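Biologist: Before I rely on any label attached to this protein, I would like to hear the reasoning behind it. Could we look at the model together and go through the labels in turn?

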Amino acid sequence: METFSVDIERDEEGCLGRECPECEKYFKIKPGTGIPDFSDCYCPYCQHFGPQDHFWTKQQIEYR
């Protein structure tokens with residue numbers, strides 16, 4: 001299986017959009033401002049906690 005990476009553009013403030021897989025609400029994160037070596041994501045609305053790769057927005061999934 002071949003793998004590749006796709007860069008997701010950041011907004012003018014350097015933030016990336018995320019969507020909670022639990023409550024489906026949209027929020028933004030700024031990579032590099034969190035806890036070092038911490039790869040999980042946290043929803044500010046419903047407190048769902050899980051791997052960052054589960055928090056893609058529907059548009060990001062289509063783009064990938």
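Modeller: Let us begin with arginine 18, which, leaving aside residues up to four places away in sequence, touches Lys25, Tyr26, Phe27, Ile29, Gln52, Phe55, Trp56, Thr57 and Gln60. Please keep in mind that this is a predicted model.

Biologist: What makes these residues count as touching arginine 18?

Modeller: A contact requires heavy atoms within 4.5 Å, and the residues from Lys25 to Gln60 that I named meet that condition with arginine 18, a residue of strand 1.

Biologist: How do you know that arginine 18 has no salt bridge?

Modeller: A salt bridge needs a side-chain nitrogen of Lys or Arg within 4 Å of a carboxyl oxygen of Asp or Glu. For arginine 18, the nearest side chain of opposite charge is that of aspartate 53, at 9.2 Å, and therefore the condition of 4 Å is not met. Arginine 18 is nevertheless buried, a label that stands for under 20% relative accessible area.

Biologist: Why is phenylalanine 4 called exposed?

Modeller: Its relative accessibility is 64%, and since exposed means over 50%, phenylalanine 4 therefore earns the label. Phenylalanine 4 is placed in the segment before strand 1, which spans 16–19, and together with Val6 and Tyr63 it makes a nonpolar surface patch of about 350 Å².

Biologist: What is unusual about the phi of glutamate 24, and is this residue buried or exposed?

Modeller: Most residues other than glycine have a negative phi. Glutamate 24, which is not a glycine, has a positive phi of about 65 degrees. This residue sits in the loop between strand 1 and strand 2 (26–29), and because its relative accessibility of 52% is over 50%, it counts as exposed.

Biologist: Why, then, is glutamine 47 called partly exposed?

Modeller: The value for glutamine 47 is 44%, and because partly exposed covers what lies between 20% and 50%, that is the label glutamine 47 receives. Its phi is also positive, near 70 degrees, and its place is the loop between strand 3 (40–42) and strand 4 (49–51).

Biologist: What do the elements look like along the chain as a whole?

Modeller: From the N terminus they run β-β-β-β-α, which comes to 1 helix and 4 strands, while buried residues make up 25% of the 64 residues.

Note on methods:
Residues numbered from 1 in each chain as written. Predicted model: local features only at pLDDT ≥ 70, side-chain atom pairs only at ≥ 80, totals over all residues. Heavy atoms only, no water. Helix = DSSP H or I, 4+ residues; strand = E, 2+ residues; numbered from the N terminus. Buried < 20%, exposed > 50% of the residue type's maximum accessible area, 1.4 Å probe, protein only. Patch = residues over 30% accessible without salt bridge, like charges linked within 9 Å, V, L, I, M, F, W, Y side chains within 5 Å. Areas by Shrake-Rupley, 256 points an atom, 1.4 Å probe, with all protein chains shown as cover. Lys, Arg positive; Asp, Glu negative; His and termini not counted.
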